[in-house]
Amino acid sequence: MSSRLITIENMKKEGIKHEQELVKSFKENGFVACRFPASGASCPDLIAGDGDSIFVMEVKTTLNTLIKIRKKQIGTLNSFANGLKAKSFIAIKFINREDWRFLKIMDLKIHGKSYSIDYNTAMLEGIEFNQLISDEYQKRLI
């Protein structure tokens, strides 16, 4: 009987797998996209652009119903977005529940040293991938 041990290394590998999945989705839809391998507090997780829009993202996945993000990560995300004249999003995936949701920082709740968002709020406030990359939505972002 083998059970998979949940370690930080396994969690990182799962996170990387989901980031790569998201990069692949952007590329399949005509975007240039890549993930930053040393992401965290020093840079966002992902960047994607199609010549008209540039997105920088912090990517979070969970099996739970709540996601927490350190304030420093949000600060870094904002710095990159401002420097690149890009739109910043939090890409969230509640594993085994829904596909990706994309949220603006203002959709998150602020706590002491972190931000958070719960499943229900993410489903109500977040947009789906197809909405994010649609020309109609991108025009509204400008």
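Where is the place of Lys-85? In this predicted model, Lys-85 sits in the loop between α2 (71-84) and β5, and the strand that follows this loop offers a convenient centre for the description below.

Strand β5, spanning residues 87-94, has seven of its eight residues buried, so the strand is largely enclosed by the rest of the structure. One of its partners is strand β3 (residues 54-62), which runs parallel to β5 and is joined to it by eight bridges; within this pairing, Met-57 stands opposite Phe-89 of β5. Another partner is strand β6 (residues 101-103), which runs antiparallel to β5 and is joined to it by three bridges, with Ile-90 standing opposite Leu-103 of β6. Strands β5 and β6 form a hairpin in which six residues lie between them.

Two loop residues deserve attention for their backbone angles. Most residues other than glycine have a negative phi. Lys-85, although not a glycine, has a positive phi near 55°, and Asn-96, in the turn of the hairpin, likewise has a positive phi, of about 70°, without being a glycine. The table sets out the location, phi and relative accessible area of these residues.

| Residue | Loop | Phi | Relative accessible area |
|---|---|---|---|
| Lys-85 | between α2 and β5 | near 55° | 74% |
| Asn-96 | between β5 and β6 | about 70° | 72% |

Because exposed means a relative accessible area over 50%, Lys-85 at 74% counts as exposed, and Asn-96 at 72% is also classed as exposed, whereas seven of the eight residues of β5 are buried.

Terms used: Residues are numbered from 1 along each chain as its sequence is written. This is a predicted model: local features need pLDDT of at least 70, side-chain atom pairs count only at pLDDT 80 or more; totals for chains, interfaces and linings use all residues. Side-chain values use heavy atoms; hydrogens and water are left out. Buried means under 20% relative accessible area, exposed over 50%, partly exposed in between (1.4 Å probe, protein chains only). Helices (H or I, at least four residues) and strands (E, at least two) are DSSP runs, numbered from the N terminus. Two strands pair if DSSP finds at least two bridges between them.
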